[in-house]
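Visitor: I have a model open here and would like to go through it piece by piece. Could you walk me through it while I ask things as they come up?

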Amino acid sequence: MDRSDGEGNGSAPLLLPISDASAAYQLIVERVDALVRGRVGIADLAVPACPGWNIRQVVAHLTGVAQDIVALNLEEKGTGPWADAQVARLGGHDIDDLLDMWRQSLDVVRANLAFASDAGVCQLVFDTLTHEHDIRGALGERSSRAGDLAFKAALGFVTTMGDQFIRRAQLPALWLSTPTIGCVQLGDPHTARGHVALKVSDFEALRTFGGRRSVGQLLELPWDGDPTTLMPIFTDVLPAFTNGGLRPPADDLIE
């Protein structure tokens, strides 16, 4: 990867402001609704990216997140038990009913997000965009992978948090390049033990940092430098900032 301006020429990670991130969230809601509403025979399709869940349960989780934002039930946000409770509460509803409930909550969700942090709203976009593509994977639909406001918010979140944890853990600095965010520097190259670089699509960056790639798949990405030195970001760092919710799957996910 070209770093002709010298180490540190990558830009700092950037969180989108709440207004832009909220707009990105609304964009994903509209896309998921258009993707699954009124479709017959898809509710019980397994979602390979979410072992143990079907499409109905993923939509139940997304609806449950919105309801919990309305209810301010956020103490355990991002944890497995929090998501499982949403699915247990809502998983018996039809998909169209879930979509209706999701939409009915949006005005209050947007109002509550106005008082959240930039990081919190961008994390919501990251989770929702990740699950949009989980559903698309289950349906075999490979669209909406080009960078847009949703990718900008989601990747802004993972790079911001990744930068903090790489610095804290003194892992190798990472230059991550995607079309939407450009070249972003994670970690401090002056104090880190070496550095690596990775240039991938926005979609692949989302799946890589969204816990959707096995360690074998991670190692096969087009790294510049030794990727093994950076694997702790995927096995330890990402689970840390998602309350244990993201880890590389044991098996390859082919999308």
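Visitor: Where does Pro13 sit relative to helix H1?
Guide: Keeping in mind that this is a predicted model, Pro13 is placed in the segment before helix H1, which covers 18-36.

Visitor: And is Pro13 buried or exposed?
Guide: Pro13 counts as buried, because its relative accessibility is 19% and the cut-off for buried is under 20%.

Visitor: Which residues does Pro13 touch, leaving out those up to four places away in sequence?
Guide: Leaving those out, Pro13 is in contact with Thr159, Thr160 and Asp163, and also with Val184 and Gln185. The first three numbers fall within helix H6, residues 149-169, while Val184 and Gln185 belong to the range of strand E2, residues 182-186.

Visitor: How far is the C-alpha atom of Pro13 from that of Leu124?
Guide: Those two C-alpha atoms are separated by 17 Å, for residues that lie 111 apart along the chain.

Visitor: Let's move to the sheet. What is the strand order?
Guide: It is an open sheet of four strands in the order E2-E1-E3-E4, and the pairing is mixed. The edges are formed by E2 and by strand E4 (223-224), each of which pairs on one side only.

Visitor: How do E2 and E3 each run against E1?
Guide: Strand E3 (residues 195-199) runs parallel to E1 and is joined to it by five bridges, whereas E2 runs antiparallel to E1, again with five bridges. E1 and E2 also form a hairpin, with three residues between the two strands.

Visitor: Which residues stand opposite Leu176 in E2 and E3?
Guide: On the E2 side Leu176 stands opposite Val184, and in E3 its bridge partner is Leu198. Elsewhere along E1, Trp175 has Gln185 of E2 as its bridge partner, and Leu174 is opposite Val196 of E3.

Visitor: Why would you call E1 largely enclosed?
Guide: Six of the six residues of E1, which spans residues 173-178, are buried, so the strand is largely enclosed by the rest of the structure. That holds for both directions in which its residues point, with Ala173, Trp175 and Ser177 going one way and Leu174, Leu176 and Thr178 the other.

Visitor: What lies across E1 and E2?
Guide: Helix H6 lies across the two strands, and it runs at about 30 degrees to E2.

Visitor: Now the core, then. How many residues has the largest nonpolar one?
Guide: The largest nonpolar core has 75 residues, and those with the most contacts inside it include Leu174, Ile135 and Trp102. Helix H6 gives the most to this core, contributing ten residues.

Visitor: What does Ile135 touch, again without residues up to four places away in sequence?
Guide: With those set aside, Ile135 touches Val32, Leu35 and Val36, then Ile55, Val58 and Val59, and also Leu62.

Visitor: Last topic: at what angle do H5 and H7 pack?
Guide: Helix H5 (residues 118-139) and helix H7 (residues 202-209) pack at about 105 degrees with their axes 11 Å apart, and the two are therefore roughly perpendicular to each other. H5 brings Phe126, Leu129, Thr130, His133 and Asp134 to the contact, and H7 brings Phe203, Leu206, Arg207 and Phe209.

Visitor: How many of those are nonpolar, polar and charged?
Guide: The contact of H5 with H7 has five nonpolar residues, two polar ones and two charged ones.

Terms used: Residues numbered from 1 in each chain as written. Predicted model: local features only at pLDDT ≥ 70, side-chain atom pairs only at ≥ 80, totals over all residues. Heavy atoms only, no water. Buried < 20%, exposed > 50% of the residue type's maximum accessible area, 1.4 Å probe, protein only. Pairing = 2+ DSSP bridges. Core = buried A, V, L, I, M, F, W, Y, C linked by side-chain atoms within 4.5 Å. Contact = heavy atoms within 4.5 Å. Axes fitted to C-alpha atoms, helices over the stretch in contact; angles between N-to-C directions. Parallel < 35°, antiparallel > 145°, perpendicular 65-115°, else oblique. Nonpolar A, V, L, I, M, F, W, Y, C, P; charged D, E, K, R; others polar.
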